[in-house]
Amino acid sequence: MSARPQPRPGIMQIEAYVPGKSTAAGVAKIHKLSSNETPLGPSPKAVEALRAADHFEHYPDGTATRLREAIAAKYGLDARRIICGSGSDELLSLVTQTYVGAGDEGLYSEHGFLVYRIAILAAGGVPVVAPETDYHADVDAFLARVTDRTRIVYLANPNNPTGTYIPFDEVKRLHAGLPSHVVLVLDAAYAEYVRRNDYEAGLELVATSDNVVMTRTFSKIYGLASLRLGWMVGPADVIDAVNRIRGPFNVNGPAMAAGIAAIQDDAHVARAVAHNEQWLGWLTREIESLGLKTTPSVGNFLLIHFPPEPGRTAREADAFLSSRGLILRRIDAYGLPQALRLTVGDEEANRLLVETLREFVGKFVGMPHA
Ligand SMILES: Cc1ncc(COP(=O)(O)O)c(C=O)c1O
């Protein structure tokens with residue numbers, strides 16, 4: 001037996017999360033389209049609140065009361081049923097640690113957000129994957145994989161990196177099929193962007209169930225990714241349990257001040273939604289017209305599929321785009337090595353992306369397909 005410290009079982013099965021790249025060598029101007037950040041930046045009111053923050057010698061309010069009240073007021077929730085975190089990532093980990101122990105199973109979909117797998121393994125649990133149908137979460141596949149060891153089920157709706165969603169009726173069917181002791185985590189990081197009549201983030205389901213929580217983030221449409229701010233709403237006893245293992249000052253004061261201002265600035269969110277609606281549609285049409293397939297997205301990002309033939313692959317497209325300062329996301333780790341994920345950017349980045357992809361695709365005109 002080695003005398004060296006040994007990590008708990010499961011830890012070394014974790015492949016550390018690799019964030020989207022933000023640099024490319026030798027390029028004057030970078031357009032970072034790799035992390036689903038908003039091209040509009042944060043609300044100016046949030047920036048102002050952050051700048052006005054003071055008294056860094058004091059610990060922040062460990063219960064995030066004012067931020068929880070601002071969130072509760074915005075969504076008509078009970079502030080006592082909200083917990084805030086250092087990004088929703090932290091809350092995903094905390095809720096997992098709270099309910100998953102050695103040998104317990106956590107279930108998520110085939111191309112689901114990678115943090116679920118990390119959180120399950122970190123808690124000593126066993127990740128179980130439900131296959132998707134045409135890049136969509138498949139409720140029947142989820143339900144077929146529930147066992148008596150299942151403790152938690154994660155559904156990102158819309159999902160990252162696919163950009164697809166399932167209608168609220170399907171979410172309710174998933175919930176109805178789960179044993180009541182299984183926690184259903186609705187990860188609604190991109191909810192604000194969705195414009196579909198049959199979509200709901202699911203606050204109603206959270207309010208009326210004893211086993212459903214929802215995680216939300218300030219990192220995406222609110223443009224505060226750097227400040228690390230997220231929240232979760234759920235049944236009182238779930239929130240109480242998760243609070244017991246939360247770091248006492250897990251959210252910092254300036255971030256809370258910015259979050260309160262951000263969540264009250266509806267006009268800024270509306271601008272971001274309008275920008276996304278316009279450019280997501282435009283990018284989808286333009287990229288498809290180049291002969292590349294995309295997966296229909298309701299988020300602020302788009303999956304672009306590349307052919308497997310040498311010279312045309314996602315890997316080569318990524319190198320070509322990077323050489324022009326366009327940084328997209330490689331998603332091999334999600335089981336999608338033949339696709340790149342593109343975040344909707346500002347007008348300049350979007351137009352440059354299409355022109356550069358046109359050039360990449362154009363190199364093969366006249367070349368036979370394999
Ligand atoms: C589906 C999904 N959930 C959660 C997160 C975590 O966001 P944050 O920790 O910044 O709140 C992300 C970020 O990429 C995401 O795509």
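**Exercise 1. Two residues with an unusual backbone angle**

Task: Between which two elements does the loop with D134 lie, and is D134 buried or exposed?

Solution. Start with the place: D134 is in the loop between β4 (126-130) and α5 (139-144). Those labels come from DSSP runs, numbered from the N terminus: helices are H or I runs of at least four residues, and strands are E runs of at least two. Before going on, know what you're looking at: this is a predicted model, where local features need pLDDT of at least 70, side-chain atom pairs count only at pLDDT 80 or more, and totals for chains, interfaces and linings use all residues. Residues are numbered from 1 along each chain as its sequence is written, and side-chain values use heavy atoms, with hydrogens and water left out.

Next, the surface. D134 has a relative accessible area of 60%, so D134 is exposed. The cut-offs are: buried under 20% relative accessible area, exposed over 50%, and partly exposed in between, with a 1.4 Å probe and protein chains only.

Last, the angle. Phi of D134 is positive, about 50°, although D134 is not a glycine. That's worth a second look, because most residues other than glycine have a negative phi.

Now try A64 in the same style. A64 is in the loop between α1 and α2 (65-75), and its phi is near 50°, again a positive value in a residue other than glycine. With 4% relative accessibility, A64 counts as buried.

**Exercise 2. Peptide bonds in one loop**

Task: Which peptide bonds leading into P158 and P161 are cis or trans?

Solution. Take P158 first. The bond from N157 to P158 is cis, with omega near 0°. Then move on to P161: the bond joining N160 and P161 is cis as well, with omega about 15°. In general, most peptide bonds are trans. Where should you look for the two prolines? P158 is in the loop between β5 (150-156) and α6 (168-177), and P161 lies in the loop between β5 and α6 too.

**Exercise 3. The ligand and its shell**

Task: Which residues surround the ligand, and how do they divide into nonpolar, polar and charged?

Solution. List them first: G87, S88, D89, F113, N160, D187, A189, Y190, T217, S219, K220 and R228. A residue makes this list if one of its heavy atoms lies within 4 Å of the ligand.

Now sort them. The shell has three nonpolar, five polar and four charged residues. Here Ala, Val, Leu, Ile, Met, Phe, Trp, Tyr, Cys and Pro count as nonpolar, Asp, Glu, Lys and Arg as charged, and the others, Gly among them, as polar. Helix α3 (residues 87-99) gives the most to this shell, with three residues.

Then check some distances to oxygen atoms of the ligand. A backbone N or O atom of S88 is 2.7 Å from one. For D89, a polar backbone atom is 3.0 Å from a ligand oxygen. With Y190, a polar side-chain atom is 2.7 Å from a ligand oxygen. Finish with the cover: the ligand alone exposes 390 Å², and the protein buries 94% of that. These accessible areas come from the Shrake-Rupley method with a 1.4 Å probe; for residues, only the protein chains shown count as cover.

**Exercise 4. A residue that contacts Y190**

Task: Which side chains have polar contacts with the side chain of N36?

Solution. Begin with the rule: a polar contact is a pair of N or O atoms within 3.5 Å; within protein, one must be able to donate a hydrogen and the other to accept it, and residues adjacent in sequence count only if both atoms are side-chain atoms. The side chain of N36 meets that of Y190 at 3.0 Å. The side chain of N36 also meets that of T343, at 2.8 Å.

Now place N36: you'll find N36 in the loop between β1 (31-32) and α1 (44-52). Its relative accessible area is 1%, so N36 is buried. And remember Y190, one of the residues around the ligand.

**Exercise 5. Sequence versus space**

Task: How many Å separate the C-alpha atoms of I11 and I118, and those of R51 and K172?

Solution. I11 and I118 are 107 residues apart in sequence and 8.6 Å apart in space. R51 and K172 are 121 residues apart along the chain, and their C-alpha atoms are separated by 42 Å. I11 belongs to the segment before β1 and is partly exposed at 27%. R51 lies in helix α1 and, at 70%, is exposed.
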